[in-house]
Amino acid sequence: MHLETLAVHAAQRPDPATGAIAPPISLSTTFERDPSGAYSRGFEYGRDANPNRAALEEAMALLEGGEVAAAFSSGMAAANAVFQALAPGDRVVAPNDAYMGVGKLLREVFRPWGLEVVFVDMDDLAQVRAALSTPTRLVWLETPSNPLLKVTDIAAVAALAKARGAAVACDNTWCTPVFQRPLDLGVDLVVHATTKYLGGHHDVLGGMVVAKAATPLFKRIRELQIQAGAVPSPFEAWLTLRGIRTLPVRMRAHADHAMAVAHFLDAHPAVEIVHYPGLSTHPGHEVAARQMRAFGGMLSFQVKGDRAEAMAVAARVQLFTRATSLGGVESLIEHRASVEGPTTKTPENLLRVSVGLEHADDLCADLDQALRGSFARIGP
Ligand code: PLP
């Protein structure tokens, strides 16, 4: 079945009690037990399972081509469960440009907890191979990366990891299964901040782990989901599944608009460089074209000038909103280095853009007027 059809129909059944097409939100935290003592309807207590969460997990497993999925209260809660499912002493190889929160979690929580964590440049296979020469439990991927849109060859890294007996997890937040299906490329676990494109409207936090198979590693993640209890509420699960119904059409529009904005910025005299894997000049373009169905809705660009110039451009936008996060219908722009703080390696003249669903011409016009201010000052 095509993804567009799956997105609409996955875990979609009229409510047996009323025939309602839109699923009811099951707020009950506890469920009736049979006279026999069994729970024949499948639900016992809201932290263990809930009908809205179960439907969301079923849909996500189908969309990613996995067997099982576990929903969490945020993307970070999902990542946390993956690392906590390992044992102190285990070794993790992660990208040196993983999402800032994941890098911090590994450095500040899981290193003290006992994981050995090695950061590498994931698009340099020689570095990955060298890191894997020491026994490793898990390789963590995120591609394209944030905020420089570097592209990791998922199949190549997964093959190296498999040869060394390491499991592989891939953060697929930026692509969603519409553009990239890591489980088909040899990955064991896909992780999402469903907060972003899956929810799609900047109004719900959530996370997800989807597994190719119900391995002992996934079973441990499920235990952590239930026992530690970082689960989404029924309404959050409902909102996220509602977002999924329109995901393929939204993603196509995000990617089309991002491509138009990337080409526009690439030709702009006030822009130094554009980072978007859809541009043929991007160093990861070929790998991206092989493993992604389209190039996504995220891009970043460096203005000619310094931090002040980048901040000035961000201050002049009218249609874009200056805000962090991504994946909603509204376009956002962000000076990433100031969000990441003093230890950041992100260039100070870089602005990250989440391209929304507004018309691409309007977005380009807004960026043009914002950039023209700096062009007038510093020239070509
Ligand atoms: N992974 C990626 C790629 C992200 O961009 C983010 C958030 O920006 C996260 C994980 C964390 O998600 P959350 O904010 O839902 O915890």
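Q: Where does Pro147 lie?
A: Pro147 sits in the loop between E4 and H6. Those labels are DSSP runs numbered from the N terminus (helices, H or I, have at least four residues and strands, E, at least two). This is a predicted model, where local features need pLDDT of at least 70, side-chain atom pairs count only at pLDDT 80 or more, and totals for chains, interfaces and linings use all residues. Residues are numbered from 1 along each chain as its sequence is written, and side-chain values use heavy atoms, with hydrogens and water left out.

Q: What kind of peptide bond joins Asn146 and Pro147?
A: Most peptide bonds are trans. Here, though, Asn146 and Pro147 are joined by a cis bond, with omega about 10 degrees. Another cis bond links Thr143 to Pro144, with omega about -5 degrees. Pro144 is also placed in the loop between strand E4 (138–142) and helix H6 (154–163).

Q: How do I read phi, and what is phi of Ala11 near?
A: Most residues other than glycine have a negative phi. Ala11 goes the other way: its phi is near 55 degrees. You'll find Ala11 in the loop between helix H1 (3–9) and helix H2 (51–64). Thr176, not a glycine either, has a positive phi of about 65 degrees, and it lies in helix H7 (residues 176–179).

Q: Is Ala11 buried or exposed?
A: Ala11 is buried (under 20% relative accessible area), at 11%. Thr176 is buried too, at 0%.

Q: Which residues are closest to the ligand?
A: The closest are Gly75, Met76, Asp171, Thr195 and Lys196, out of 13 that surround the ligand (with a heavy atom within 4 Å). By class, this shell has 5 nonpolar, 5 polar and 3 charged residues. Backbone N or O atoms lie 2.9 Å from a ligand oxygen in the case of Gly75 and 2.8 Å in the case of Met76. Lys196 uses a polar side-chain atom instead, 2.8 Å from an oxygen of the ligand. The protein covers 90% of the 390 Å² of accessible area that the ligand has on its own.

Q: How many cavities are there?
A: Rolling a probe the size of a water molecule over the atoms shows where empty space is left. Here the count is 3 cavities of 30 Å³ or more (on a 1 Å grid, points where a 1.4 Å probe fits but cannot get out). The largest has about 50 Å³ of space. Its lining (an atom within 4 Å of a point) includes Pro95, Asp97, Met122, Glu142, Ser145 and Lys150. The whole lining divides into 3 nonpolar, 2 polar and 5 charged residues.

Terms used
1 Å grid on protein atoms, 1.4 Å probe; cavity = no way out; pocket = protein on both sides within 12 Å on 5 of 7 lines; lining within 4 Å. Points joined across faces, edges and corners; volume = space filled by probe spheres on them. Nonpolar A, V, L, I, M, F, W, Y, C, P; charged D, E, K, R; others polar. Buried < 20%, exposed > 50% of the residue type's maximum accessible area, 1.4 Å probe, protein only. Polar contact = N/O pair within 3.5 Å; in protein donor to acceptor, adjacent residues only side chain to side chain. Areas by Shrake-Rupley, 256 points an atom, 1.4 Å probe, with all protein chains shown as cover.
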